[in-house]
Every structure is written in C-alpha cells, then in structure tokens.
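Here are my notes on this model, set out as numbered points. Please read them with the coordinates open.

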Amino acid sequence: MNIMDLFLAASLNPFDVKAALLAAHAQHPILIHFPIGLFIASVVFDLLAVWRKRPIFAAVAYYNLLGAALTIPLAIATGLGAWHWQLEGAAIKGNLRLHMICALTSALLIFFLSWVRLRLRAKGRSPNVSYWAVTVVTLMLITLTGHLGGILSGVEMPA
C-alpha cells in the first residue's frame with residue numbers, strides 16, 4: 001500500500017453532499033465566508049469608486065455591502081449551532097467569548113454601515129471620513145474575529 005492509498009482511505013468522500021450539509025458544525029465555516037467576502041468586496045469597490053471616480057463602482061460596493069448584511073443572520077445562526085453541537089454548549093469564556101463579542105460587534109458595524117450607506121445613497125452623497133474610519137475598524141475587527149474562529153476550529157494554533 002502506497003502513501004496515496006493511505007491518504008485516500010483516510011479521507012471522506014468529497015462528493016458526499018449529504019454528509020457535508022448535515023454535519024453538525026460544517027455550515028458555519030462555509031457560510032461565514034459570504035458576509036466577510038462581500039464586505040471586503042464592498043470596501044474594494046468603494047476604493048475603486050474613489051480612485052477612478054466611477055459611480056458604477058460605488059453602486060457595486062453598495063450592493064455588496066447589502067449582501068454582506070443580508071447573509072450575517074445566517075452566519076450568526078450557524079455559529080451558534082456550531083457552538084451548541086461542536087463545543088457541546090461549552091461555557092462561553094476565553095477565545096470563544098472574545099470570538100462571539102467580536103462577531104456580534106462586526107455584525108452590528110456592518111448593519112450600521114449599511115444603514116449609513118442607504119441614507120447617503122438616497123441623498124446622492126459619497127461616504128465621508130467617518131464612514132471610512134468605521135469601515136477600517138470593521139475590517140480590523142473582522143480579521144480578529146476570523147483569527148479567533150480559526151483558533152477555535154483548530155485550523156490555527158495560538159501563538
């Protein structure tokens with residue numbers, strides 16, 4: 001038996017959709033990428049709109065931000081499910097507590113930025129310096145949240 005046979009024997013079938021969808025904790029690590037990716041895409045398109053002075057980029061940024069806000073409730077619900085099933089409802093302390101606080105704060109900031117952006121769009125105005133400051137804080141908080149989530153899932157090891 002060669003090394004490849006050992007690897008293939010140990011791995012799960014990657015095409016087993018039922019096993020992937022019904023695993024007690026698998027949904028959160030998959031779904032969390034949607035609000036994160038959409039939010040980061042929103043920031044990138046906002047920067048392009050400012051740099052290139054093209055309103056279409058601002059529109060794309062706006063819709064990406066709305067997409068991020070709309071996918072957040074599902075990410076939070078699956079995160080709570082992962083805590084319940086994978087961690088068996090363990091006490092919320094340490095990295096888990098910090099991860100949850102950062103995640104909820106990030107979510108609130110994204111909802112806030114979406115609300116501000118909706119109001120600015122209705123008035124035909126561009127984001128101002130305070131909007132950008134909150135955006136930078138949100139990006140940093142999302143990064144910290146993801147790092148803590150990686151530690152909790154065992155993907156990253158604490159330093």
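1. **Salt bridge.** This is a predicted model, and it holds one salt bridge. The partners are aspartate 46 and arginine 117, with their closest N and O atoms 2.7 Å apart. The pair links distant parts of the chain. Aspartate 46 sits in helix H4 (residues 33-52), arginine 117 in helix H6 (residues 94-123), and the two positions lie 71 residues apart in numbering. Are aspartate 46 and arginine 117 buried or exposed? Both are buried.

2. **Overall fold.** The chain has seven helices and zero strands. Read along the sequence, the pattern is α-α-α-α-α-α-α. Of the 159 residues, 28% are buried. Take the contacts between residues at least 6 apart in sequence: 70% of them join residues at least 24 apart.

3. **Aromatic pairs, the tyrosines.** The count comes to four aromatic pairs. One of them joins tyrosine 62 and tyrosine 63. Their ring centres are 5.0 Å apart. Why is this pair edge-to-face? The planes stand at 75°, and the class starts over 60 degrees, so the pair is edge-to-face. The two residues fall into separate burial classes. Tyrosine 62 has a relative accessible area of 8%, so it is buried, the cut-off being under 20%. Tyrosine 63 has 52%, so it is exposed, the cut-off being over 50%.

4. **Aromatic pairs, helix H6.** Phenylalanine 112 and tryptophan 115 form a tilted pair. The rings are 6.1 Å apart centre to centre, with 40° between the planes. Both residues lie in helix H6, three residues apart, about one turn of the helix. Phenylalanine 112 is partly exposed, at 37% relative accessible area. Tryptophan 115 is also partly exposed, at 45%. For a longer-range reference on phenylalanine 112, check valine 134: the two C-alpha atoms are separated by 9.3 Å, with the residues 22 apart along the chain.

5. **Charges over rings.** Two arginines deserve a look here. The charged end of arginine 52 sits over the ring of tryptophan 51, 4.1 Å from the ring centre. Arginine 121 lies over the face of tyrosine 62, at 4.3 Å from the ring centre. Tyrosine 62 is thus listed twice in this note: it takes arginine 121 over its face, and it pairs edge-to-face with tyrosine 63.

6. **Packing of H4 and H7.** Two packed helices are described by the angle between their axes and the distance between the axes. H4 and helix H7 (residues 129-153) pack at an angle of about 145°. Their axes are 11 Å apart. Which hand does the crossing of H4 and H7 have? The crossing is left-handed. On the H4 side, the residues that meet H7 are Ile36, Phe39, Ile40, Val43, Asp46, Leu47 and Val50. On the H7 side they are Tyr131, Trp132, Thr135, Thr138, Leu139 and Ile142. Asp46 appears in this interface, and aspartate 46 also carries the salt bridge to arginine 117.

7. **Backbone at lysine 53.** Lysine 53 has a positive phi of about 55°, although it is not a glycine. Where is lysine 53 placed? It lies in the loop between H4 and helix H5 (55-85). At 68% relative accessible area, lysine 53 is exposed, since the cut-off is over 50%. Please inspect this residue.

8. **Asparagine 64.** This residue is in helix H5. Its relative accessibility is 14%, under the 20% limit, so asparagine 64 counts as buried. Leaving out residues up to four places away in sequence, what does asparagine 64 touch? The contacts are Leu38, Ala41, Ser42 and Phe45.

9. **Alanine 77.** Alanine 77 is found in helix H5. With a relative accessible area of 45%, alanine 77 is partly exposed, because the class runs between 20% and 50%. Histidine 28 is 49 residues away along the chain. The C-alpha atoms of alanine 77 and histidine 28 are separated by 8.3 Å.

Note on methods: Residues are numbered from 1 along each chain as its sequence is written. This is a predicted model: local features need pLDDT of at least 70, side-chain atom pairs count only at pLDDT 80 or more; totals for chains, interfaces and linings use all residues. Side-chain values use heavy atoms; hydrogens and water are left out. A salt bridge is a side-chain nitrogen of Lys or Arg within 4 Å of a carboxyl oxygen of Asp or Glu. Helices (H or I, at least four residues) and strands (E, at least two) are DSSP runs, numbered from the N terminus. Buried means under 20% relative accessible area, exposed over 50%, partly exposed in between (1.4 Å probe, protein chains only). Rings of Phe, Tyr and Trp (its six-membered ring) pair if their centres lie within 6.5 Å; planes under 30 degrees apart count as stacked, over 60 as edge-to-face and the rest as tilted. A charge sits over a ring if NZ of Lys or CZ of Arg is within 6 Å of the ring centre and within 35 degrees of the ring normal. Axes are lines fitted to C-alpha atoms, for helices over the stretch in contact, and angles run from 0 to 180 degrees between N-to-C directions. A crossing is left-handed if the near helix is turned anticlockwise from the far one by less than a right angle, and right-handed if clockwise. Contact means heavy atoms within 4.5 Å.
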